[in-house]
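Me: I would like a close look at one part of this protein, in short sentences. Please start from a single pairing and work outwards.

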Amino acid sequence: MDNKYLPENRPESGSTKTINKDHLNKLEWGQAFDPYRMDSDKLFWHRDRLIEWASGKRIVPLHIDMGITTGCNLGCKFCYGVVQSRKGFVGSDGWISTAKTEGKIESMPIETIIRVFDDAKRSGVRSINIDGSGENTLNPALYTALEHATRINLDMALATHAASIKEKNIEKLLTNLQWLRINLSAATHETYRIVHQRDWFDKVVKNAKLMVEGKKKHGLLNNKGLETTIGFQMILTKDNFDDVVPLAKLGKEIGIDYTVIKPISDAPDNRLDAPFEKYLDLVDTFKEAESYSTENYSVIIKWRKMGNMGNKRYGKCHGTKFIIAIEGDGSVFPCGHWFDIERERFLLGNVNVTPLSEIFNSETYWNTQNEILNVDLRYCQANCRQHNANLTLWDISQDEKPKKLINSTIMPRPEPQHINFV
Ligand code: SF4
């Protein structure tokens, strides 16, 4: 842990000291240009919701990150879920206290999941990513739930380590998901063992190959008549710098659609040891990795997040009004940062006992969403899920005529893929 990354030593969020553009320019820092806008957001493709927000209306979120299990069977060294005491395997080298991670892994019941999907769709939520603090493929209800989402025309995605997916279930993934992201932060067995703490590299690669085969050989398409986008996501730790370029190559060889490299979303006390400064030394590596991109395969460096040293250019968090999080135990929060801290202050409700639409309409929901505006963001997770949305929303909120700005902004062409995943 490095003291300079502790909240009290960080520049105030929203202050000009958070901006290190000149330094990055000297380094010839890059910029992501990919078909998914992964290092940015897609809020302007939802102008109706933006205008409602700018008019001070009580809006329904566009997107939910939803967990359907409370635990995992891998112990990835960068995992924020471990910090938040998700249950299950942690690893053996004592990298983090295991006391709170002990206990049974619980699965969210199918009835709850379906009720959430139905309620979300009816309320105006436009997408759900099954991505929580645990490994959601451990809940066998996942596949039935995804089929239900297709029936009600709700856009779904899945983030997974992919090592526990059985071959017989791959077809269900490829016919019911808009995209699937595989958490693979190594290009060799050796690095995989260090970063993910099990010897499962081959299982992951095998399943990625089966997914590509399902699309290319068997022609499987999702409910929109499109191939499910398959990608690798590497979280860059101090242990896998040498794997960036090899992973970019591996993704290309296998035939997936993209490989994305991003920084650790670290806890405010730098417990996950994000090497923010070292990221800045990797310009050549990142550019070499990008050179493996083709028309059909993107290597995406999250340059914006990678270069910000974990600081926040925005002074307030408006992103939780557009993107919320549901934990595997059914708790609903403005974002995943509060799963294990200040729960009473930020808990919005629990979908096991209260319908989501009722939670959206409750005074607790709006009081809590407004309480988020009082948070000192230096004490938040670095580069959290809402980070890019927050940059856009902050700029809009600082404009004299926010509604005019929303209506007059010209969106880049072509339209990015998966616009409902803001
Ligand atoms: S971690 Fe902080 S900045 Fe990020 S969404 Fe949560 S409250 Fe907002």
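Which residue of strand 7 does Arg181 stand opposite?

Reply: This is a predicted model. In strand 7, Arg181 stands opposite Gly231. That pair belongs to a parallel pairing: strand 6 and strand 7 are joined over five bridges.

Start with strand 6. It covers residues 179-183, and five of its five residues are buried. In a regular strand, side chains alternate between the two faces of the sheet. Strand 6 can be read in that way: Trp179, Arg181 and Asn183 point one way. Leu180 and Ile182 point the other way. Both sets are buried. Arg181 is thus one of the buried residues of strand 6, as well as the partner of Gly231.

Now go to the other neighbour of strand 6. Strand 5, residues 155-160, pairs with strand 6 in the parallel sense, over four bridges. Here Ala157 stands opposite Trp179. The connection runs through helix 6, residues 170-176. Strand 5, helix 6 and strand 6 form a β-α-β unit, and its hand is right-handed.

Back to Gly231. It has a partner in strand 8 too: Tyr258. Strand 7, residues 229-236, runs parallel to strand 8, and six bridges join the two. The chain gets from strand 7 to strand 8 by way of helix 9, residues 244-254. This β-α-β crossover is right-handed. Gly231 therefore links two pairings, with Arg181 on strand 6 and Tyr258 on strand 8.Strand 8 is the next step. It spans residues 258-263, and six of those six residues are buried, so the rest of the structure largely encloses it. Tyr258, Val260 and Lys262 point one way from strand 8. Thr259, Ile261 and Pro263 point the other way. Lys262 is among the buried residues here.

Beyond strand 8 comes strand 9, residues 298-301. The two pair in the parallel sense over four bridges. Val260 has Ile300 as its bridge partner in strand 9.

Next, the setting. The protein chain has 17 helices and 12 strands. Buried residues make up 49% of its 422 residues. The radius of gyration is 20 Å, and a compact globule with 422 residues would have one near 22 Å, so the two agree. The C-alpha trace spans about 55 × 50 × 50 Å along its principal axes. Among contacts with a separation of 6 or more, 76% join residues 24 or more positions apart.

One more site is worth a look. Gly71 lies in strand 2, residues 71-72. It counts as buried because it has 24 C-beta neighbours inside 10 Å. Leaving aside neighbours within four places in sequence, Gly71 is in contact with Arg86, Lys87, Gly88, Ile105 and Gly134. Asp266 is 195 residues from Gly71 along the chain, and their C-alpha atoms are separated by 19 Å.

Last, the ligand. There are 13 residues around it, and Cys317, Cys335, His337, Cys380 and Cys384 come nearest. The shell divides into seven nonpolar residues, six polar and no charged.

Note on methods. Residues are numbered from 1 along each chain as its sequence is written. This is a predicted model: local features need pLDDT of at least 70, side-chain atom pairs count only at pLDDT 80 or more; totals for chains, interfaces and linings use all residues. A residue is near a molecule or strand if its C-beta atom, placed from the backbone, lies within 6 Å of it. Ala, Val, Leu, Ile, Met, Phe, Trp, Tyr, Cys and Pro count as nonpolar, Asp, Glu, Lys and Arg as charged, and the others, Gly among them, as polar. A residue is buried if 20 or more other C-beta atoms lie within 10 Å of its own, exposed if 12 or fewer, and partly exposed in between; C-beta atoms are placed from the backbone. Two strands pair if DSSP finds at least two bridges between them. A crossover is right-handed if, with the strands pointing away from the viewer, the path from the first strand over the helix to the second runs clockwise. The radius of gyration is taken over C-alpha atoms; the globule rule is 2.2 Å times the number of residues to the power 0.38. Two residues are in contact if their C-beta atoms, placed from the backbone, lie within 7 Å.
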